[in-house]
Amino acid sequence: MSTPTRSPEQIADRISPRQQVNWDWRAAGNFIAGGSGGGLLLWVSIVGLRGGDVRFVLGAGMALIALGLTCVWFEIGRPWRALNTFRHGTSSWMTREAIVALLLFACGLLALWSGQSLLTGATGVLGLAFLYAQARILTANKGIAAWRHPRSLPLVVATGLTEGAGLLVCASWGSAQLAAASSLLAVLAALRLLAWRRYLTALEKDAAPAGAIKALRRIDANFRWVGNVVPALLALLAGWTGLPAVALVAAVLAVLAGWRCKYALICEAAFTQGFALPKLPVRGRR
Amino acid sequence: MSQAKTVKHVPTFCYNCVSGPDFMKVKVEDGVATDIEPNFDAEDIHPARGRVCVKAYGLVQKTYNPNRVLTPMMRTNPKKGRKEDPGFVPISWDEALDIVAAKLNTIRATGLRDQAGLPRLAASFGHGGTPANYMGTFPALLSAWGPIDYSFGSGQGVKCVHSEHLYGEFWHRAFTVAADTPNARYVISLGANVDVTGGPCAVLRHADARVRGYKRVAVEPHLSVTSACSAEWLPIRPKTDAAFLFALIHVLVCERRLAQLDVPFLRDRTSSPYLVAPDGLYLRDAGSGKPLVWDQACGAAVAFDTPGAKPAVAGRYQVARAVVVDADQARRELLDVEGATAYEMLCEHIAKYPPEWAATVCDVPAATIRRIAEEYLENASIGATIEIDGKTLALRPVAVTLGKSVNNGWGAYECCWARTVLAALVGALENPGGLLGTTVRLNRPQDNRHLSVKPGEDGFMVQHFNPTDREHWQAAPATRNLHQTLVPIVGHNGAWSQALGPTQLAWMFQQERPADWNMPAPTFPELWIVFRSNPAISFWDTRRLADIVARFPFLVCFACTVDETNFMADLLLPEATDLESTQMIRMGGTKYMEQFWDYKGVVLRQKAVEPQGDCRDFTWISTQLAKRTGLLEPYVAALNRGVSGVAPLKGEGYDYSLDPAREPAPEQIWDAVCRAASVTLSAGKQEHGLEWFQEHGFYAVAMSRLEWYLTPTLERQGLRYELPYQERLLRVGRELGNRLHEKGMAWWDEQLSEYRALPEWHDVPARWERELENAGAKIADFPFWLLATKSMQYHAGGNASIAMMHEISGNMHGHTGVIMNAKTAARLGIAEGDRVEIRSHIGATYGKAALVQGIRPDTLVVTGQFDHWATPFAKDLELPSLNTIAPMSLELTDATGSGSDIVRVALRRVEATT
Amino acid sequence: MTRYAMVIDLRRCVGCQTCTAACKSANATPPGVQWRRVLDLESGEFPDVRRSFVPVGCMHCANPPCEHVCPTTATKKRADGLVTIDYDICIGCANCIMACPYDARSVVHEAHYAYGDQPMASEALRFDPARLRVATKCTFCQDRIDLAARTGQVPGRDPEVTPACVNSCISGAMHFGDIADPGSNVSQLLAQTEHFRMHEELGTDPSMYYVWDRK
C-alpha cells in the first residue's frame with residue numbers, strides 16, 4: 001500500500017513561510033496574459049482615438065485577456081460553476097475583474113464591429129481597469145506577504161502597462177507610430193524599474209519572508225538590466241532613430257521580462273508569512 | 001454527507017499504553033465505527049476528565065486497516081528469515097486451533113519443562129502488561145497451564161524504567177514513581193517525559209500545576225516536549241545524571257546541615273539512625289540481632305525498636321558490644337567498636353561529590369546545581385502540614401522524577417537511590433506533595449500496595465528476594481533470562497518477576513554464552529506465543545534478534561498485521577481488536593504513571609462493531625484452547641478465582657461462578673465478572689450485569705486520597721524506609737557473588753559491583769565507550785551520543801501502521817528523522833531535511849535531519865522505534881531507529897538486568913534533499 | 001449579539017496533536033488536510049531555547065480577508081461569528097487560500113484515502129463529494145453550534161455542542177464560548193490572563209485568543 005499523498009514533511013513545512021501551492025502557471029498565466037492584454041488595450045485605444053486602424057490589435061488584446069481567463073478556468077476546482085464569480089462585486093476584486101472583463105469584451109466586440117473610436121477608447125479604459133483589478137486581487141490577498149505589500153500594486157500595474165507598450169511596439173512594426181510607441185516603452189520601462197526597486201527595498205525593510213525575497217533577488221539582476229535598462233535604452237534609441245529592429249528587440253525583452261517577473265511573483269515568491277508568537281507562554285514559575 | 005440511519009455512541013476504554021486506562025466513546029454509524037470521542041460521563045471520576053489521548057483516535061483506522069490479518073494464517077515456507085517470504089495461507093479457525101492444541105498437548109505429554117529444566121512453553125506480551133487489557137480470559141488459560149517462560153522480552157522491563165521498577169518497589173512500594181502533582185510546588189525532572197508519556201491524567205495535572213505556578217526544572221540532553229513545558233531546562237551530558245543528583249544531596253547534607261532537613265522523618269521513618277560498623281554492616285544487638293541505634297536519652301546503643309528511645313540521626317558512637325551479620329549468615333562479634341549512623345555514613349560518602357565536581361562531569365554549572373538544591377529545600381516547606389480526609393499529614397511539595405535512560409541501565413541504581421534519598425531528607429517520601437509510588441507488581445496484592453506493607457527484617461517492609469543462600473539459590477535457571485538466578489531483587493511473583501528479569505540475556509544466550517558458563521545450555525522453547533509484542537523492532541540489535549526469532553521451533557503470533565516478529569511465525573491468529581471485543585478491567589485506585597484517582601472501580605471494553613473478517617474474540621479463543629487441551633476445568637476454576645476478571649466470581653453473599661464442566665460463552669463469562677465486580681465494589685448494595693455495563697460503561701466508588709500516601713501506613717506499623725544505607729543489598733550482593741563463584745562463574749562480577757550500601761559515582765558514560773572499544777571499534781570514530789525519545793502519537797509503538805498517526809506526528813519537529821543541533825549540522829554540512837546516516841559499531845540507520853537549537857551539540861535524538869521492514873505502511877516510512885544499531889551487551893547490563901537506549905554513533909550526510 | 005471565539009492556553013498545550021486527530025476524526029478530512037493542527041515552534045539559541053506548541057486553524061476573523069476576496073459569496077461571516085463556506089457555491093478558485101494569513105484553508109482536487117486507492121469502511125461511509133475541489137477549513141464544528149441554537153445548550157460548556165477539538169483537549173488548553181457575553185467561560189478566562197492574537201497587525205480581528213500568562 002502506498003504512503004499518503006502529502007508527506008509529513010510537507011505538512012510540517014506549514015510552519016515557516018512556504019511557497020503557496022494552489023496557484024500554479026495557470027494562475028500566473030492569467031496575470032501574465034491578462035496584464036499584458038489590459039495594457040495593450042489601453043495604449044492601442046489611444047492610437048485608435050487618434051484615428052488609427054486598431055481592430056487587429058484590439059482583438060489581440062482581448063484575446064490575451066481571454067487566454068488568461070481560460071487558464072484560470074482550467075485551474076479552478078469547479079469550472080462549471082464559473083458564473084458564480086459574479087456574485088460578490090461589493091468587495092471581491094476577483095468579481096470586479098470578471099465584471100470588467102465582461103464589459104470589456106462587450107465594449108471591445110462592439111468597437112470591432114462598429115469601428116466607433118469612442119468604443120475603442122472605452123475598451124482601452126476598461127483594459128486599464130482590468131489591469132488595476134488584477135493588481136488589487138493580489139494586494140487583497142493578505143496571506144501572501146509579497147502580494148499584500150502596497151507596493152506590489154504599482155509594480156503590477158507598471159509591468160502590465162510596460163508589456164502592453166512592448167506589444168504595441170511589436171504591432172507597430174512598419175507603422176508611423178513606432179517611434180512614439182518606442183518612446184512610450186522607454187518611459188514605462190524606466191517607471192517599472194523604479195517600481196521594482198521600491199518594491200524590493202520595501203519588502204526587505206518590512207521583513208517579508210526570506211524565501212520570497214530570495215526568489216525575487218534571483219531574477220533581480222536580469223530583470224533590472226536585461227528587462228528594463230537595456231530595453232529602455234534600446235527603445236529610446238529606436239525612438240530617435242526609428243529603427244524597427246532595435247525597437248523590436250527592446251519590446252521583446254521588456255515583455256518577456258514582465259512575464260518572468262509575474263511568474264516569479266505568483267509561483268516562486270508567493271510565500272506565506274508563517275507563524276510568529278509575540279509572547280512566549282510562561283510555564284510555571286521561573 | 002449522507003445521513004446514517006443508526007448512530008450509537010458506545011462507551012469503552014483505551015489502555016494501549018501504561019498511562020491508561022482512559023475513557024472514550026466510539027461513534028458507530030450504520031454499524032461502522034467512524035469517530036472516537038471522550039466519555040464525559042466519566043468527567044467527575046477520571047483524573048483526565050473522561051478524555052483520551054491522540055493514539056486512541058487512530059483506533060478507527062486500526063479496525064479497518066486493509067492490511068489487517070483477517071483469518072488464521074499458516075506458514076507454508078519452511079525456511080524462516082528476513083528474506084524468506086513466509087507464504088502465509090489462510091486456514092480455518094478449527095484447523096488453527098487444532099494445530100496449536102496439538103503442540104500444547106504434546107508438551108503436556110512430554111513434560112512441561114525440558115531436559116534443561118526450562119519451560120517448553122514460552123509467551124511474550126509487550127508494553128508494560130497492557131496486552132492483558134486486550135487478551136480476554138487468556139490469563140486464566142496461562143494460569144491453568146503451569147510453568148511458562150516469559151523471558152523473551154521485547155524491551156518492556158529492561159528498557160523501561162527498570163531500576164525504578166525494582167528499587168522503587170523495594171524502597172517504597174513504587175513500581176512506578178510520580179510526583180504528587182496536584183500538590184507539588186517544585187519538581188526536578190531528569191528525563192521524565194511526562195507530558196508525552198504520562199497520558200491524559202499526567203498531562204492535565206501538570207498543566208494545572210503550571211497554571212497554579214509550580215516550578216518544574218527539566219534536566220536532560222534535549223529539549224523534549226516536557227522540557228519545553230518546564231520553567232527551566234538544563235542540557236545535561238548524557239548518562240551523568242547521578243553526578244548531578246549526588247551534588248544536590250551534597251548541598252543539602254554537607255552545606256546545609258541536618259537541622260534544616262526533616263529530622264523527625266529521618267529519625268523515625270528511615271534507617272538513618274542505624275549504626276554501621278567499620279566493615280560497612282549494621283551493628284546489631286548480640287542477642288536479638290536487631291540493628292542498633294544510639295539512644296541519646298540514655299547514652300547507649302540500643303535495638304532500633306526500643307520503646308522510648310531517642311535515636312541520634314548523625315554522629316559516631318562507641319558501642320561496647322555488637323555483632324555484624326555478613327553474607328551467608330557469617331556472624332562476627334565486635335567489642336568496643338565505633339559505629340557511625342547511616343546518616344553520618346551518607347554525609348561522609350557524599351562529601352566527595354560537591355557541585356564543583358559534578359559540573360565537570362555533567363556539564364551543568366555548579367552555581368546552577370547549588371541553586372536548584374536550595375530551591376528544592378526551600379520549596380520542601382519542612383514542617384508544613386495538610387489535612388486530607390480528616391487526617392493531618394506532612395506536606396512536602398517537592399519531588400525528583402526520572403525517565404528512561406536515567407532510571408535504567410548503568411547509573412540507574414545511583415540515580416534512583418539519590419532521588420529517593422533526596423525525598424527522604426526533606427520528608428517528602430510518600431507524603432503529600434512529594435514523591436509517590438503508585439502500584440506494585442512484584443509484591444502482592446497488586447491492586448493495593450498498602451496491603452503489601454508488612455513487617456520484614458530490621459524494621460523494614462518485607463521484601464521477597466529470590467534466595468541467594470546456598471540451599472535455596474536457583475542454581476540451575478528455571479527461566480531463560482535467569483531472573484531468579486541473577487536478580488534477587490526481582491522476586492518470584494510469577495509472570496511479572498520473569499518479565500522484569502534480564503530479558504535480553506534470554507536472546508543473547510541463545511547465540512553465545514560466557515566462557516565460564518557452568519549451567520545447562522538454554523534450549524529454545526518448543527512453542528512460543530506472542531501477542532502485542534514486536535521484539536524484532538522494539539528491542540536492541542533488532543536485525544540480529546530477528547534472525548534468532550527465525551530459529552524458534554514453533555511460533556504462534558496473535559497478529560493485527562504482519563510485522564517483523566510474526567514474519568517468522570508458523571501460525572498467525574487474528575484476534576478481535578480494541579473496538580471488536582469485550583473485557584472488563586479495574587480502573588482507578590493508584591496505578592502506573594499518574595493514574596492515582598479519587599475513585600476506584602471497573603470499566604468495560606465492549607464490542608462496538610462486529611469483528612472484521614474472521615477475527616475472533618480472545619475470550620472465545622482462550623476457551624477453545626482450554627477445551628482442546630483438557631484444561632477446561634482448571635481454566636474455569638481460574639476464572640472463578642478472579643483471574644482475568646476483577647473479583648472472585650464467588651464470595652460472601654454472592655455466587656456467579658461458572659460451571660467448570662461446561663464451556664462458557666464469552667458473554668456469560670463477562671456477565672459474571674461484571675456482577676462479581678459490582679457486588680464487591682458496592683459492598684453488596686448493587687449488582688450490574690454485562691448489559692448494564694454496555695450501557696453505562698463503568699462503575700466507580702469513592703476512595704480516600706489517603707491511599708496515595710504510603711508513609712502513614714508505615715507509621716502505623718512502626719516501619720522504616722530502608723534508606724539511605726543499603727546494607728541488605730550489600731549482603732545480598734555478596735551472597736550472590738558467593739553462589740556464582742562457587743559455580744566457577746565470574747561473568748556477572750561487574751554487575752555485582754552495583755551492590756553497594758552507598759552508591760558511588762563511576763564513569764557511567766565511559767562504560768559505553770569501553771564496550772565499543774572492547775568490540776574492536778575506536779571511540780573517536782563515534783563522536784555522538786544517540787538517544788531515543790518518544791512522542792505521544794507513538795508511545796508504545798504498536799500503532800506504527802496507522803496512517804493518521806504518521807500524518808499528524810509530522811507536526812512535531814524532528815519526528816521525520818534525526819534531531820540534531822543546528823550548529824553541529826552546519827559544521828558537518830548537513831541541511832534541514834538532508835538524508836543522514838547514523839552509524840554505530842554494529843550497524844547503521846537512516847533518516848532525515850531535523851535541525852534544532854534545543855539539543856546538546858554532542859547528542860542526536862531519534863523519536864520512537866521505527867525502521868520497519870515488514871509491517872505494512874510502516875515499512876515504507878524510511879524512519880530511523882536506535883534499536884537497529886544499539887547492541888545487546890552483557891557489559892552494558894546492570895545488576896538488575898537493565899540497559900539503556902543510548903549508543904555512540906557517527907553521523908554523516910548521505911544525500912541532500914532536492 | 002453573540003461572538004463565538006476560542007481561547008487557547010499556551011501554558012497548557014503540550015503539542016500532543018489530540019485536537020488534530022479529533023478534528024480529523026470528527027470531520028472525516030482526507031489525508032493531508034488538517035483543519036486543526038498544532039505547531040511546534042522553537043525560538044532562541046542553545047542553550048537558551050524555548051519551544052512552544054500552538055494550535056492553529058481558521059481564526060473565524062471578525063474582519064475576514066477570505067470573505068472580502070471570495071468572488072462567489074461561498075465564504076460568509078455569520079452573525080454569531082462563524083466564518084462559513086457553502087461548498088455548493090464555491091468554485092475552488094483558491095483566492096481565499098491566498099487571502100488567509102493563517103494558512104487555514106485548503107482545496108483537495110481528488111479523493112484520497114488513508115491506505116491507497118480504496119476507502120476503508122469508515123471513509124466510504126463519510127465520503128462527501130461536495131467537499132472535493134472546493135475550499136474547506138475549520139468550521140468551529142458548525143453543526144454542533146447550530147444544534148445548540150435549537151436545543152438551548154451552551155457551546156463550550158455542553159460537549160454535544162462544543163467543537164470536537166475543544167472536547168478532546170487533554171491538557172485543558174482549549175476553551176470555546178461567547179466572548180460577547182462577559183460572564184462566559186472564555187470571557188472570564190480572558191479577563192484573568194494576558195493574551196494575544198496571531199498576526200493582529202494585519203487587521204483581521206481573529207476570534208482565537210492565545211493565553212500566555214496570568215495577569
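**Briefing: nonpolar cores, the C–B interface and Ser538(B)**

The largest nonpolar core holds 445 residues, and Trp23(A), Phe244(B) and Trp417(B) touch the most other members. The model is predicted. Chain C meets chain B through 51 of its own residues and 59 of chain B. One buried serine, Ser538(B), is also described below.

**Nonpolar cores**

- Phe244(B) is one of the three residues that touch the most other members of the largest core.
- Beyond its neighbours within four places in sequence, Phe244(B) is in contact with Ile188(B), Leu190(B), Val219(B), Leu234(B) and Ile236(B), and also with Cys362(B), Val364(B), Ile369(B) and Ile372(B).
- Another core, of eight residues, lies apart from the largest one. Among its members are Ala178(B), Phe596(B), Met703(B) and Trp708(B).

**Interface of chain C and chain B: area**

- About 4,300 Å² is buried between chain C and chain B. Carbon and sulfur atoms give 59% of that area.
- On the chain C side, Phe46(C), Tyr115(C) and Ile170(C) lose the most area to chain B. Together they account for 17% of what that side buries.

**Interface of chain C and chain B: polar links**

- Three salt bridges are found across this interface.
- One salt bridge pairs Lys24(C) with Glu807(B), with the closest N and O atoms 3.3 Å apart.
- The interface also has 24 residue pairs in polar contact, both residues at pLDDT 80 or more.

**Interface of chain C and chain B: the chain C side**

- Three helices of chain C, H1 (18-27), H4 (121-126) and H6 (164-168), each supply at least two residues of the side that touches chain B. Strands E2 (36-45) and E3 (48-57) of chain C do so too.
- H1(C) gives the largest share of that side, eight residues.
- By class, the side of chain C that touches chain B has 23 nonpolar, 14 polar and 14 charged residues.

**Ser538(B)**

- Ser538(B) sits in helix H17 of chain B, residues 535-538.
- Its relative accessible area is 11%, so Ser538(B) counts as buried, the cut-off being under 20%.
- A polar atom of the Ser538(B) side chain lies 2.6 Å from the backbone oxygen of Ser154(B).
- Leaving aside neighbours within four places in sequence, Ser538(B) is in contact with Ser154(B), Gly155(B) and Lys159(B), and also with Gln865(B) and Asn883(B).

Notes
Residues numbered from 1 in each chain as written. Chains lettered and ligands numbered in written order. Predicted model: local features only at pLDDT ≥ 70, side-chain atom pairs only at ≥ 80, totals over all residues. Heavy atoms only, no water. Contact = heavy atoms within 4.5 Å. Buried area = accessible area lost by both parts, 1.4 Å probe. Salt bridge = Lys/Arg side-chain N within 4 Å of Asp/Glu carboxyl O. Polar contact = N/O pair within 3.5 Å; in protein donor to acceptor, adjacent residues only side chain to side chain. Helix = DSSP H or I, 4+ residues; strand = E, 2+ residues; numbered from the N terminus. Nonpolar A, V, L, I, M, F, W, Y, C, P; charged D, E, K, R; others polar. Core = buried A, V, L, I, M, F, W, Y, C linked by side-chain atoms within 4.5 Å. Buried < 20%, exposed > 50% of the residue type's maximum accessible area, 1.4 Å probe, protein only.
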